[in-house]
Structures are given as structure tokens and as C-alpha cells.
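Thank you for making time this morning. I would like to walk you through one model, and I will try to keep apart what can be read from it and what cannot.

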Amino acid sequence: MEPVTLPILKSFLNADALARWLADAYALADVRCQLIKGTIRDVYRVTTSADSFVLMIYPTERSFLATFRPTVEVGRVIDLWADQTAELGERWRWVQVFENRGEAMGASNPHPHGQIWAGAALPVEAAREDASQRRHVSVAGTSLLLDYVRQETGGPRVVVENDDWQVVVPFWAIWPFETLIVPTSPVGRLPDLDRGQRRSLAAVLVELLGRCDRLFDTPFPYSMGWHQAPFDGDRHDHWQLHAHVYPPLLRSATVRKFMVGYELLSERQRDITPEDAAERLRAVRAGGERAAP
Ligand SMILES: [Zn+2]
């Protein structure tokens, strides 16, 4: 069954209003919206009659993840991601956790929110990563992404790392300050993270996103999301949980990278090297003013 394209939500008034708006705006039949009380203020889960899609949003009073600073608050968000992933995974094959921040990345709703879309199909990107990781294990006998983490450890493309996590500007990055967040030990999905890994992930996210905000002294726009093993009954030992952070800014708070011309028609190109990007992110203090040059 094909996944239904779902909208960017315009209203978080209440569950009924949200369901009505979805049904009207997208001609969806039998939209059911449920308010789930969680550790974040409100969590809505929307299920469509197509039976192939669930959308969950979690609005908050304050700016979402990027401006949550205390790690305990980010920790609650991580717990929510994990809990909802486990629950949605009982019914859906692919659970996509993500957040869009800023108009530059298409976040038309200024009210901060994150989303989880879950569906029966394995999306193109997920299928490609599934095949690559499976192939690497069959050839090398080791995890593709854990091998990559080992290759990058202590190197010039690393932005943040601790015992549990590595944040790196991957050599294949397309966006100027694109990063990849990977646990340093085998983890298939968000619910598999233990308490210590969640705590250290919260610290890593606060540090990374703080550095990004201070890079151009602006709330850094981005699209960030997690890739995790599909839920389809098969073994997915080859899968390694990871997050992609795609920010569009290039030279300042207002100068962004555009994918046009040669890049769009022929081949992607970088404007700065991954090593330069990582160095610049490392050179910014995470929690305060910029570091001295
Ligand atoms: Zn991925």
C-alpha cells in the first residue's frame, strides 16, 4: 500500500479541530486524531483511513529541541521519540522521527513542533540504506556505520564525540554544515538506547545545536531526522541507528546554499570542505560566546 502524503499542520487547537482541518484540507476520509498525554505538553496522533500512515506531532509552549537547553528537557524528547517509535513499530514498518526548524527548511508553522510519520512502505532512502548496510555486513562482516565511526574517530571531520556518540560532518555531506549523529556501539532503533546513551545523546544534541545557533548568531534552520531499523519481523542486525542534520545556511544568517544549475542538473558540489565545516563548528563555544579565533 502506498503511503499517503500528509500535510504540514496549521493548527494545534485540539484533537477534533486538527482532525477536521486534515480531513478538509486534504480530502482524507475517516481521519482520527487522538490526544496523548505525555512528558511533552501535548502529543497528537493522527491516523488516516488509508491505513498506511500515522502522524504524530508534539507541540510545546517553547521552542522545540533546538532551543531546549537543559539536557533533562531534551532527554524527555528523546524518551518520547523512543516510546512512540516502539508503539508505532508494532503496527508500521517504517517509523520516521524528524523535526523541521525555520522557514528556510519549510517549517510553515512557527509554533515549534516535531513529527513522526509511520507507514507500511519502506521509503526510497531507507531502502537504499538498508541495502548498503546489508551488503557491507555480507562482504566485510562488520557494521558499515560503526566502521565509519571508527574511521572518523579523532579526525578532522568530527564535531562532537564522547564514549556513546559521534557527530561528524560526513565526507559525502552536501549541505555546508550537514552532520551525522551515530551511536558508537551497535544500536538498531531509538527504543534500544539505554538510559546512559539517552543522557549522553541529550548532551550531544544540546552541544551540537548550540554550536550551530552560534555559528551565525541566529536560530539555525535545519531538517533533522532519525533513521532506524525497519519493523517488519525480519532480522536487521546490519542496521545502525543514526540521525541526519541538514541545515541550509552557507555564509551567514541570510545566505543559504541553493541547489541550482550545475548542482541540480549534473552533480552536487560542496562550497566548503567537510573538514572546514567541522573545524568551524568546533571553534564555536556550545553554551556561550564564540571561542576566540
Ligand atoms: Zn540515514
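I will begin with the confidence of the model, then turn to its core, its strands, and two individual residues.

What you have in front of you is a predicted model, and its pLDDT averages 82 over the protein, with 78% of the residues scoring at least 70. Two stretches deserve caution before anything else is said: over residues 1-12 the pLDDT stays under 50, and the model has 32 contacts beyond four places in sequence for that stretch. Over residues 288-293 the pLDDT likewise stays under 50, and there the model has 6 such contacts beyond four places in sequence.

As for the overall makeup, the secondary structure of the protein comes to 7 helices and 10 strands, and of its 293 residues 37% are buried. If we take the contacts between residues at least 6 apart in sequence, 64% of them join residues that are at least 24 apart.

Now to the interior. The largest nonpolar core has 50 residues, and the members that touch the most other members are Val159, Val167, Ile181, Val204, Leu205 and Leu208. Which element gives this core its largest share? That is helix H5, residues 195-215, which supplies 9 residues. The core also draws at least three residues from each of domain 1 (15-119) and domain 2 (124-282). Separate from it there is a second core, of 7 residues, which includes Ala19, Leu22, Val31 and Val46.

Let me stay with helix H5 for a moment. H5 has 21 residues and spans 30 Å from its first C-alpha to its last, which is close to the 30 Å expected at 1.5 Å a residue. The buried residues in H5 include Leu201, Val204, Leu205, Leu208, Cys212 and Leu215, and also polar or charged names such as Gln197, Arg211 and Arg214. As a reminder, an α-helix has 3.6 residues a turn, so residues three or four places apart point the same way. The buried residues of H5 pack against helix H2 (71-89), strands S6 (158-161), S7 (165-168) and S8 (179-183), and helix H7 (274-282). To take one of them, Leu208 is in contact with Val159, Val160, Val167 and Thr179, if we leave aside its neighbours within four places in sequence.

That brings us to strand S8, in which 5 of 5 residues are buried. In a regular strand the side chains alternate between the two faces of the sheet. In S8 both faces are covered, with Thr179, Ile181 and Pro183 buried on one side and Leu180 and Val182 buried on the other. S8 pairs with S7 in the antiparallel sense over 4 bridges, and in that pairing Trp165 stands opposite Pro183. S8 is also joined by 3 bridges to strand S10 (residues 242-246), again running antiparallel, with Leu180 opposite His244.

Elsewhere, strand S5 (residues 115-119) is largely enclosed by the rest of the structure, because 4 of its 5 residues are buried. Strand S4 (residues 94-101) pairs with S5 in the antiparallel sense over 5 bridges, and Phe98 stands opposite Gln115 in S5.

Finally, the two individual residues. The first is Gln133, which is found in helix H3, a helix of 17 residues (124-140) that reaches 24 Å from its first C-alpha to its last, close to the 24 Å expected at 1.5 Å a residue. Is Gln133 buried or exposed? Gln133 has 20 other C-beta atoms within 10 Å, and because the cut-off for a buried residue is 20 or more, it counts as buried. Beyond its neighbours within four places in sequence, Gln133 is in contact with Leu144, His238, Trp239 and Gln240, and its C-alpha lies 7.8 Å from that of Leu145, 12 residues away in sequence. Just after H3, Gly141 takes a positive phi of about 80°.

The second is Asp217, which follows H5 and sits in the loop between H5 and strand S9 (222-227). Most residues other than glycine have a negative phi. Asp217, however, has a positive phi near 50° without being a glycine. Asp217 counts as exposed, because there are 12 C-beta neighbours inside 10 Å and the cut-off for exposed is 12 or fewer.

Terms used: Residues numbered from 1 in each chain as written. Helix = DSSP H or I, 4+ residues; strand = E, 2+ residues; numbered from the N terminus. Contact = placed C-beta atoms within 7 Å. Expected span 1.5 Å × (residues − 1). Core = buried A, V, L, I, M, F, W, Y, C linked by C-beta atoms within 7 Å. Domains from an automatic or database assignment. Pairing = 2+ DSSP bridges. pLDDT = per-residue confidence, 0-100.
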